[in-house]
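Load the model and keep the sequence beside it. The paragraphs below start from an enclosed space and then move outward through sheets, helices and an open pocket.

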Amino acid sequence: MKPETLAIHASNLIKNATGDVTPPINLSTTFFRDEDGGYPGGHMYSRVSNPNRSALENTLAKLEYGEDAAAFASGNNCGMSLFQALKPGSHIIAPDDMYWGIKKQLLTIFNDTLKFDFVDQTDLDLINSSIKPNTKLIWIETPSNPLLKVTDIEEIGKIAKANNITLACDSTFASPILQNPILLGADIVMHSSTKYLGGHSDILGGILVTAKKDELWERIKNIQQTGGAVPSPFDCFLLCRSIKTLAYRMKGHCENGKLVAQYLVNHPKVEAVFFPGLETHPQHEIAKKQMKDFGGMMSFLVKGNVEETNKVVNKVKLFAQATSLGGVESLIEHRYSIEGPDSKTPKNLLRISVGLEHVDDIIADLEQALG
């Protein structure tokens, strides 16, 4: 089935006596055993599995063409669980332009147990030269946050396989509708389901999808089920409900994103625009090769200093000045002030998540703010 169809039907796993077309929310934390001590319903305890979570994991495994999926209580916990599953002393090659929350985990939580290098992953020679005997994971993020760099998944996949290294891809900015890293050679795909999968800025969650159930994946599943950082049945229900419209929401984000990017490119008060759909983007051809469309995420540099940049972000009326992305509403954020003094993000950079409002209204708001 095509992604639009899978998104609607893959979560409809629950069959019961009342014949619900929409699967109900199953709030039970524990499940009946039969006379032989087994679990006829397939579930024992909701930390280990739950009907709503199983429906969510089945949906994402199918949408990402993987063998299995593991849902977590947040996107950050996806990274945490994967890093925990690595053996102490393992080396990770991570992107220099990396979501700060996952990067902070490496720098402040795993700094004593894991080794890591942050490199420009658009340079394949640099990735090759960064491989060490103990390199066990290449973590890529494409498009990246916040500079929208595009990493060639297929080429890095070849490097990873030639060196027996796991390749994990944070594909949050793309969603499974626009990009399928497993089909390009990745071993594991991550999404912050808080973002496009949820799509309404009201669910916190994360998901990992694996190409195959190998030893590393079994360790990740053990961390999920034993550690217990899992989403609630209600959150899983809401995510399944939201994913049913994901393909059509993404079409709107993509259409609006292209028009907003073109507007910003031509604005005299904008120094540069980072959006993979622009032909001037340095990795535009790679994005065309591995993405079906370019999404609704972009960043731009305001001509001027940080004070002038803050004036722009404080003048918007339709945009919400808020952290996060991928919701139906347009969001704008000054990333440097979020990431702190150690941030490498330019001080005059604004990141925007283009929503599903009418594009004329989105552009009018940017026009008055920039003006």
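On a 1 Å grid over the protein atoms alone, a cavity is a set of points where a 1.4 Å probe fits but cannot get out, and lining residues have an atom within 4 Å of a point. This is a predicted model, in which local features need pLDDT of at least 70, side-chain atom pairs count only at pLDDT 80 or more, and totals for chains, interfaces and linings use all residues. Residues are numbered from 1 along each chain as its sequence is written, and side-chain values use heavy atoms, with hydrogens and water left out.

The structure holds 1 cavity of 30 Å³ or more. The volume of the largest cavity is about 40 Å³, a volume being the space filled by probe spheres set on the points, with grid points joined across faces, edges and corners. Its lining consists of Pro95, Asp96, Asp97, Gln121, Thr122, Glu141, Ser144, Lys149 and Thr151. By class, that lining has 1 nonpolar, 4 polar and 4 charged residues; Ala, Val, Leu, Ile, Met, Phe, Trp, Tyr, Cys and Pro count as nonpolar, Asp, Glu, Lys and Arg as charged, and the others, Gly among them, as polar.

Next come the sheets. Helices (H or I, at least four residues) and strands (E, at least two) are DSSP runs, numbered from the N terminus, and two strands pair if DSSP finds at least two bridges between them. An open sheet of 7 strands follows the order S1-S7-S6-S5-S4-S2-S3, with mixed pairing. Strand S1 (68-72) and strand S3 (115-119) are its edges; each has a single partner strand, so one side of each is left without a neighbour in the sheet. On average, neighbouring strands of this sheet are turned by 20 degrees against each other, direction ignored. S1 runs antiparallel to strand S7 (residues 206-210), and 5 bridges join them. Ala69 has Val209 in S7 as its bridge partner.

Helix H8 (residues 215-227) packs on this sheet, touching S1, strand S5 (166-170), strand S6 (188-191) and S7, and its direction makes about 30 degrees with that of S1. Contact here means heavy atoms within 4.5 Å; axes are lines fitted to C-alpha atoms, for helices over the stretch in contact, and angles run from 0 to 180 degrees between N-to-C directions. Helix H4 (residues 100-108) lies across strand S2 (91-95), S3 and strand S4 (135-141), at about 140 degrees to S3.

A second sheet, also open, has 5 strands in the order S8-S9-S12-S11-S10, with mixed pairing. Strand S8 (270-274) and strand S10 (320-321) stand at the edges with a single partner strand each, so one side of each is left without a neighbour in the sheet. S8 and strand S9 (residues 297-302) run antiparallel and are joined by 4 bridges; Phe274 has Ser299 in S9 as its bridge partner. Helix H12 (residues 306-315) packs on the sheet, touching S9, S10, strand S11 (331-334) and S12, and its direction makes about 160 degrees with that of S11.

What is the volume of the largest pocket? A pocket is an open set of points with protein on both sides within 12 Å along at least five of seven lines, and the largest pocket has a volume of about 520 Å³. Of the 22 residues that line the largest pocket, the closest to its centre are Lys136, Asn164, Ile165, Thr166 and Leu216. H8 gives the largest share of the lining, 3 residues. The lining divides into 8 nonpolar, 5 polar and 9 charged residues.
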